[in-house]
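I am opening a fresh page for this structure. Here is what I looked up, in the order I went through it.

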Amino acid sequence: MTNLPISGDLVAQHNAARGEALQDDYDSLGRKLERSGIAIDAIKDRVKEWSVAVPSWGTGRGGTRFAKFAMGGEPTNIHEKLEDCAVIQQLGRSTPRVSPHFPWDKVDDYAGLAEEAAGLGLSFDAVNSNTFQDQPGQAHSYETGSLSSTSQATRQQAIEHNVECIEIGRKLGSRALTVWVGDGTNFPGQQDLGRSLDRYLESAAQVYSALPDDWTMLLEHKMFEPAFYSSVISDWGSSLIAAQELGERCRCLIDLGHHAPNVNIEQIVARLHHAGKLGGFHFNDSKYGDDDLDSGSIDPHQLFLVFNELVEAENNPRAGFDPAYMIDQSHNVTDPIESMLSSAEAIAGCYARASLVDRAALHEAQESNDVMLAFRTLRKAYETDVGPILAKARQEQGGAIDWLGAYRESRYRDRKAQERKPVELGAGIV
Ligand code: PSV
Ligand code: MN
Ligand code: MN
């Protein structure tokens, strides 16, 4: 029995007022696609089957290194975060899973938490460990690194934390552990670039050996921050080396914000797929670096090109191809519920557009070196307004045709501002 946070009547009334106009738009797009031999219902069904996980940490107002602006009704614990995730799923219907982060989401009763999530129509996705921040009372500081630290005791502490995350994840029904370490250096010469990777691999192997048989370990690379001269798992090359050394169930996760500016991320997707090591994504967008802005808000074309590679990969799968799709964003000036609904729509929209690409025509143009035709084949799909397909998919699953209008009408955040305790400001930025 699910207990959804927004009134079902409100959503139904909202949709009733918009159903006719949507049907008109959907039929019109359907006729247009049919002229290209595409059945609109088949694309809509693909969208309905597709989903992306939301990050528990993205439900609160995030912070930059310089500013955090708290918002009334912001969640301050995992229970409140789950409730907000339930709103996102109820209205948008493409985010049924939540990716938790430990120790941020620590509770005493994880079986109870899994039940609570199920009651809200949610389940848990990959668990994320945190060895990039010192926690109060922790025995060894991560100042020298975590899995790659020069200190044996610190490495052991980081290994044990990751193993504990696996144990928690088992109780939550998760099937993957995502490991991102902030390990690296700020000065040339600070640590040996080769030996630090050796230490990382030795520690990560111990985490890998604690992985249940049906789990995946996802390695997330990032070229900078918090270390600004070198990161231990800085790029997809280091990530691939590590995943290949660690074993079959270890794969690479691409966070869109973790590369040098202008890097061709869609090509990285193709390369990792070639190696059978494409494990998952953290979707977000950026202008300068790891900005964690809303997916598709800055460069929607790049997001489309990533999905173009993913649909190619889906059509030509390698063994075990089953990428974990997650959002990883920091919402500093918007209501995180609205940002994640908008992002989930942008991401699903890119999947829909990539599904519209005439693959046979594209491959033929590529084979015959018809550059303009190949380019225009992709561009035609990118320029298609798939809004009616996404809205129809939401409507048919009980979500809101106009999620922003329905959410604002529900006054959910105002109600939470009355019920929830305020966020403590000045307590440090996460
Ligand atoms: C690091 O920048 C990162 O992208 C990792 O995924 C972390 O787990 C997450 O952000 C939250 O800090
Ligand atoms: Mn990330
Ligand atoms: Mn990041």
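Which residues of β10 lie on one side, which on the other, and are they buried or exposed? I began there, keeping in mind that this is a predicted model.

**Entry 1: strand β10.** I found Cys250, Cys252 and Ile254 on one side of β10 and Arg251, Leu253 and Asp255 on the other, and all of them are buried, which leaves both faces covered. The strand spans residues 250–255, and the count agrees: six of its six residues are buried.

**Entry 2: the partners of β10.** Next I looked up the strands paired with it. Strand β8 (residues 216–220) pairs with β10 in the parallel sense over four bridges. In that pairing I saw Leu218 standing opposite Arg251. Strand β11 (residues 278–283) also runs parallel to β10, and four bridges join them. Here Asp255 stands opposite His282. I jotted down a reminder that strands of a sheet pair through backbone hydrogen bonds, either parallel or antiparallel.

**Entry 3: Leu218 and the core.** I then followed Leu218. Leaving aside residues up to four places away in sequence, it touches ten neighbours' worth of names in my list, among them Ala126, Val179, Arg251, Leu253, Gly279 and Ala324. Leu218 is also one of the residues with the most contacts inside the largest nonpolar core, a group that includes Leu219, Met326, Ile347 and Ile389. That core has 92 residues. Its largest share, eleven residues, comes from helix α11 (residues 336–356).

**Entry 4: ligand 1.** What surrounds ligand 1? I listed Trp57, Asn128, Trp180, Glu220, Lys222, Asp255, His282, Asp290 and Asp328. Asp255 and His282, the facing pair from β10 and β11, are both in this shell. Sorted by class, the shell has two nonpolar, two polar and five charged residues.

**Entry 5: a three-stranded sheet.** I also came across an open sheet with the order β1-β2-β4 and parallel pairing. Why is one side of β1 and of β4 left without a neighbour in the sheet? β1 (54–55) and β4 (123–124) stand at the edges and each has a single partner strand, so one side of each has no neighbour there. Strand β2 (residues 97–99) is joined to β4 by two bridges, and Val98 has Phe124 as its bridge partner in β4.

**Entry 6: the record.** Last, I checked UniProt, where an unreviewed entry lists residues 132–303 as "domain: Xylose isomerase-like TIM barrel". In the model, the end C-alpha atoms of this span lie 28 Å apart, and the span is 37% helix and 15% strand.

Note on methods
Residues are numbered from 1 along each chain as its sequence is written. Chains are lettered from A and ligands numbered from 1 in the order in which they are written. This is a predicted model: local features need pLDDT of at least 70, side-chain atom pairs count only at pLDDT 80 or more; totals for chains, interfaces and linings use all residues. A nonpolar core is a set of buried Ala, Val, Leu, Ile, Met, Phe, Trp, Tyr and Cys residues joined through C-beta atoms within 7 Å. A residue is buried if 20 or more other C-beta atoms lie within 10 Å of its own, exposed if 12 or fewer, and partly exposed in between; C-beta atoms are placed from the backbone. Two residues are in contact if their C-beta atoms, placed from the backbone, lie within 7 Å. A residue is near a molecule or strand if its C-beta atom, placed from the backbone, lies within 6 Å of it. Ala, Val, Leu, Ile, Met, Phe, Trp, Tyr, Cys and Pro count as nonpolar, Asp, Glu, Lys and Arg as charged, and the others, Gly among them, as polar. UniProt positions are given in the numbering used here, feature names are shortened, and annotations may be inferred rather than shown by experiment. Two strands pair if DSSP finds at least two bridges between them.
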